[in-house]
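The following exercises concern one molecular structure, which is displayed below. Please attempt each task before reading its solution.

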Amino acid sequence: MQFNSNFNDISENYLFAEVAKRAAEYSKAHPDKKIIKLGIGDVTLPLVPEVIKALHEGAEDMSKAETFKGYGPYEGYEFLRESIQGYYKSYGVELALDEIFVSDGAKSDLGNILDIFSKDNTVLVPDPVYPVYVDTNLMAGRKIIFANANGENGFLPMPDYTVNADIIYICSPNNPTGAAYTKAQLREWVDYALKKNAVILYDAAYECFIEDGKLARSVFQIEGAESCAIEFCSFSKIAGFTGTRCGYTVVPKALEKDGFSANKMWLRRQATKFNGVPYIVQKGAAAVFTEQGRKEIAHNLSYYKNNAKIIAECMDELGIWYTGGKNSPYIWLKCPKGMKSWEFFDFLLNNAQVVGTPGAGFGNNGEGYFRLTAFGSEANTREAVARIKSILKK
Ligand code: PLP
């Protein structure tokens with residue numbers, strides 16, 4: 001027996017562990033000080049009443065022989081796929097029901113999708129990046145190249161035709177930078193992918209934060225994307241499902257090459273390795289897109305959007321450069337006074353008792369940057385901002 005030696009190439013999962021360790025050490029040494037955490041990417045508001053009602057109904061259904069459900073369809077119940085189809089239609093994207101696959105979240109599918117692609121593909125990921133794209137490919141031994149996201153391009157790298165890539169990751173609005181592509185910019189990436197015979201793996205986990213009509217909600221708003229892209233999305237951020245677990249992946253039937261159909265391969269993959277998302281959870285997820293559900297989630301989303309605005313306004317006032325804050329729950333700022341990411345982390349922790357995430361943990365280009373998130377409570381966000389202003393205005 002031999003273990004998969006590619007695991008040697010994956011770095012220790014050190015970022016959030018180190019953040020937690022430093023915060024815990026500070027707390028121990030200063031038990032009287034209250035730390036405010038604006039580092040997490042997890043939601044804090046509870047599930048909305050419409051979802052809770054549907055979860056209860058789902059549980060009731062499981063209690064009666066006439067409505068009890070055993071194994072469900074691999075691709076998800078039709079009632080949920082229909083509501084996802086309706087959601088896409090609401091912003092102009094037509095999907096066939098059998099192009100929608102329900103899963104237990106975007107993270108699983110982002111990793112699992114690689115089963116349908118050859119190990120020999122070259123992978124293009126932006127730097128800085130959500131680490132899942134890099135680590136899942138390293139585990140499989142794929143070659144990874146990086147597209148530089150930086151201050152000059154507003155953390156939105158554009159295609160470079162001298163670079164040959166087969167699998168391209170795009171996350172918009174981006175984690176960690178909060179930057180989001182316009183439809184015109186995404187058009188360029190779709191053109192590049194079509195020209196290079198590449199596939200775009202489009203992570204739309206944060207599309208629900210988009211308000212500006214020039215920005216893309218879905219890669220499928222771009223004509224031609226249906227033959228070169230797969231989209232991953234999630235109920236985690238739109239409806240607080242981080243602990244409930246439900247997401248979906250759109251694999252268009254037009255994505256074909258050399259006699260292979262991505263859609264057929266993905267169904268085959270799921271049928272082999274996945275037995276579906278719990279019926280009760282799918283009932284809850286479908287409630288997100290009812291009229292009442294949409295009203296209720298809009299309320300929660302505007303709560304987070306307002307927190308983002310509070311942080312962004314603080315950066316404006318301090319004259320600190322940042323991306324995100326609008327159309328995103330993340331604010332990605334340039335560390336003031338030329339500080340490095342971890343230096344600024346310690347500075348904020350020691351002087352303002354505010355915890356964020358050092359940008360250097362997301363890739364080389366993240367050095368000198370810092371991520372704050374809008375997922376805390378409004379009171380804590382306001383308090384954190386007041387403290388940041390008081391130490392940086394001096
Ligand atoms: N994609 C991005 C960019 C994320 O930041 C996250 C979670 O933070 C996910 C995917 C994971 O989503 P899910 O909870 O659906 O697995």
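**Exercise 1: Residues with positive phi**

Asn327 is found in the loop between strand S11 (322–324) and strand S12 (330–334). The model is a predicted one.

Task. Determine what is unusual in the backbone of Asn327 for a residue that is not a glycine, and decide whether Asn327 is buried or exposed.

Solution.
1. Asn327 is not a glycine, yet its phi is positive, at about 60°.
2. The relative accessibility of Asn327 is 15%. Buried means under 20% relative accessible area, so Asn327 counts as buried.

Task. Locate Phe155 and carry out the analysis of phi and accessibility for this residue.

Solution.
1. Phe155 belongs to the loop between strand S4 (143–148) and S5.
2. Its phi is positive, about 60°, although Phe155 is not a glycine.
3. With a relative accessible area of 3%, Phe155 is buried.

**Exercise 2: Cis peptide bonds**

Task. State which peptide bond that ends at Pro173 is cis, which one that ends at Pro176 is cis, and where Pro173 and Pro176 are placed.

Solution.
1. The bond that leads from Ser172 to Pro173 is cis, and its omega is near -10°.
2. The bond from Asn175 to Pro176 is cis as well, with omega near 20°.
3. Pro173 lies in the loop that runs between strand S5 (167–171) and helix H6 (183–196). Pro176 is also placed in the loop between S5 and H6.

**Exercise 3: Two helical residues**

Task. Assign Gln185 to its element, classify its accessibility, and give the C-alpha separation between Gln185 and Pro159.

Solution.
1. Gln185 is part of helix H6.
2. Its relative accessible area is 22%. The buried class ends under 20% and the exposed class begins over 50%, so Gln185 is partly exposed.
3. Along the chain, Gln185 and Pro159 are 26 residues apart, and their C-alpha atoms are separated by 9.4 Å.

Task. Assign Asn307 to its helix, classify its accessibility, and identify which backbone oxygen its side chain reaches.

Solution.
1. Asn307 is situated in helix H10 (residues 291–318).
2. Its relative accessibility is 0%, so Asn307 counts as buried.
3. The Asn307 side chain reaches the backbone oxygen of Ala374 at 3.1 Å.

**Exercise 4: The ligand and its surroundings**

Task. Establish where the ligand sits, which residues come nearest to it, and how the residues of its shell divide by class.

Solution.
1. The ligand occupies the largest pocket.
2. There are 14 residues around the ligand, of which Asp203, Tyr206, Ser234, Ser236 and Arg245 come nearest.
3. By class, the shell divides into 6 nonpolar, 4 polar and 4 charged residues.
4. Helix H4 (106–112) and helix H7 (236–239) each contribute at least two residues to this shell.

Task. Find the distances from oxygen atoms of the ligand to polar atoms of Lys107, Ser234 and Ser236, and state how much of the ligand the protein buries.

Solution.
1. For Lys107, a polar backbone atom is 2.9 Å from an oxygen atom of the ligand.
2. For Ser234, an N or O atom of the side chain is 2.6 Å from an oxygen atom of the ligand.
3. For Ser236, a polar side-chain atom lies 2.6 Å from an oxygen atom of the ligand.
4. The ligand taken alone exposes 400 Å², and the protein buries 90% of that.

Notes:
Residues numbered from 1 in each chain as written. Predicted model: local features only at pLDDT ≥ 70, side-chain atom pairs only at ≥ 80, totals over all residues. Heavy atoms only, no water. Near = heavy atom within 4 Å. Polar contact = N/O pair within 3.5 Å; in protein donor to acceptor, adjacent residues only side chain to side chain. Areas by Shrake-Rupley, 256 points an atom, 1.4 Å probe, with all protein chains shown as cover. 1 Å grid on protein atoms, 1.4 Å probe; cavity = no way out; pocket = protein on both sides within 12 Å on 5 of 7 lines; lining within 4 Å. Sits in = over half its atoms within 2 Å of the grid points. Helix = DSSP H or I, 4+ residues; strand = E, 2+ residues; numbered from the N terminus. Nonpolar A, V, L, I, M, F, W, Y, C, P; charged D, E, K, R; others polar. Buried < 20%, exposed > 50% of the residue type's maximum accessible area, 1.4 Å probe, protein only.
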